[in-house]
Amino acid sequence: MAKYWQIFVSSFTDYGNYLFREVLNPGWGNYFYWLIGLSLFFWLLEIVKPWRAQQAILRKDFWLDGFYMFFNFFLFSLIGFNAISNIGVEAFNDFLSLFGITNLVAFEVQSWPVWAQLLTLFIVRDFIQWNVHRLLHRSEFLWRFHKVHHSVQQMGFAAHLRFHWGETIVYRTIEYIPLAMIGFGIQDFFLVHILATSIGHFNHSNINVPLGPLRYLFNNPQMHIWHHARYMPRRYGANYGISLSVWDYLFGTAYMPEDGRDIALGFDDVEQYPESFVNQQLHPFLNNRSNGELGITQEEVKHLEKV
């Protein structure tokens, strides 16, 4: 137990020191300022060439989503996730050691060229996240957490990072084993994380950048807005791609019937959803069944009422 307590304590101090250095030392390897720079870049694009010109520059919940950005990327780890994560990894490794397993790596990629390692990490991680995203929509319990992200009613770059901390736990837990099995360490994630953050900001931005044939490979605002559509003909939604849209086209979950610029976003009864950060964090733990649960459509509601 002493070992785990030491990990718990050092996780707070180590992460606190890391965050302190991030804030005080701008640089090319500093994720804190990359996040600020990317956010300003996409916000400027929204101001200069907005897709929905009538949408306010400071759209609905702009500042709330801005707080979500820094909470989910920095503060959440500071207040406990980093410590719990480190303890979980150590406990899992100790459990495996009971069976004589000391290394999860199934095949080694460290001998590959760096570009091949990063490309493999990007593709494998995105495919895992695509599957997790589908799960968040299909599980009634997990949908309660994912519903926070779908409470966005006006789309903008910062909506990318409005999500409940429970999602972080689900994503990281499911990602851990497959990524560990192909030998990726935390040092490999920086460039991939920057790229994924850029595409995520792009997907949610109020801009129209035609990608041509590349739209079948990369996610984009015109595709992703349908994922946030308030009314869908598919019970569990569509367009689950995080960075890549190719998974949706390959597995038949793509949906873009028309230009979705002005479609209503959210879910049934989204107007009654909590508007404050604290209440949105508490809401998934409450008994909050509604017509918006699991993305059920108005047509399905009417049908169920007739049965």
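User: Before we look at the fold, how are helices and strands defined here?

Analyst: Helices (H or I, at least four residues) and strands (E, at least two) are DSSP runs, numbered from the N terminus. On that basis the protein reads α-α-α-α-α-α-α-α-α-α-α along the sequence, with eleven helices and zero strands.

User: What kind of model is it, and how are residues numbered?

Analyst: This is a predicted model, in which local features need pLDDT of at least 70 and side-chain atom pairs count only at pLDDT 80 or more, while totals for chains, interfaces and linings use all residues. Residues are numbered from 1 along each chain as its sequence is written, and side-chain values use heavy atoms, with hydrogens and water left out.

User: What is the average pLDDT?

Analyst: The protein averages a pLDDT (the predictor's confidence in each residue, from 0 to 100) of 86, and 89% of the residues score at least 70.

User: Which elements have the lowest and highest mean values?

Analyst: Helix 11 (residues 298-306) has the lowest mean pLDDT, 40, and helix 9 (residues 246-250) the highest, 98. Over residues 290-307 the pLDDT is below 50, and this stretch has 36 contacts in the model beyond near neighbours in sequence. A contact means heavy atoms within 4.5 Å.

User: How much of the contact total is long in sequence, for the protein?

Analyst: Among contacts with a separation of 6 or more, residues 24 or more positions apart account for 77%.

User: And burial and surface?

Analyst: Buried residues make up 48% of the 307 residues. Buried means under 20% relative accessible area, exposed over 50%, and partly exposed in between (1.4 Å probe, protein chains only). The protein exposes about 15,900 Å², of which carbon and sulfur atoms supply 67%; accessible areas come from the Shrake-Rupley method with a 1.4 Å probe, and for residues only the protein chains shown count as cover.

User: Changing topic: what counts as a pocket or a cavity?

Analyst: On a 1 Å grid over the protein atoms alone, a cavity is a set of points where a 1.4 Å probe fits but cannot get out, and a pocket is an open set with protein on both sides within 12 Å along at least five of seven lines; lining residues have an atom within 4 Å of a point. Grid points are joined across faces, edges and corners, and a volume is the space filled by probe spheres set on the points.

User: What lines the second largest pocket?

Analyst: Its volume is about 190 Å³, and the lining includes Ile36, Trp43, Phe62, Trp63, Phe70 and Phe157. Helix 2 (31-48) and helix 3 (62-97) each supply at least two lining residues, and helix 3 gives the most, with six.

User: What is the character of that lining, by class?

Analyst: It divides into ten nonpolar, two polar and no charged residues. Here Ala, Val, Leu, Ile, Met, Phe, Trp, Tyr, Cys and Pro count as nonpolar, Asp, Glu, Lys and Arg as charged, and the others, Gly among them, as polar.

User: How many cavities are there of 30 Å³ or more?

Analyst: The count comes to two. The second largest holds about 30 Å³ of space and is lined by Phe122, Arg125, Asp126, Gln129, Val192, Ala196 and Ser243. Helix 4 (114-138) and helix 7 (189-204) each give two or more residues to this lining, with helix 4 giving the most, four. By class, the lining has three nonpolar, two polar and two charged residues.

User: Now Met223: buried or exposed?

Analyst: Methionine 223 counts as buried because its relative accessible area is 1%. Methionine 223 lies in helix 8 (residues 221-227) and, not counting residues up to four places away in sequence, touches Asn239, Ser245, Asp248, Tyr249, Ala254 and Met256.

User: Asn239 is on that list. Where is it, and what is its phi?

Analyst: Asparagine 239 is in the loop between helix 8 and helix 9. Its phi is near 55 degrees, a positive value in a residue other than glycine. Asparagine 239 is buried, with a relative accessible area of 2%.

User: What about the phi of Asp61?

Analyst: Aspartate 61, which is not a glycine, has a positive phi of about 70 degrees. Aspartate 61 sits in the loop between helix 2 and helix 3 and is partly exposed, at 23% relative accessible area.

User: Last one: which residues does Tyr18 touch?

Analyst: Tyrosine 18, in helix 1 (residues 2-24), touches Tyr31 and Phe74, not counting residues up to four places away in sequence. Tyrosine 18 counts as partly exposed, at 28% relative accessibility.
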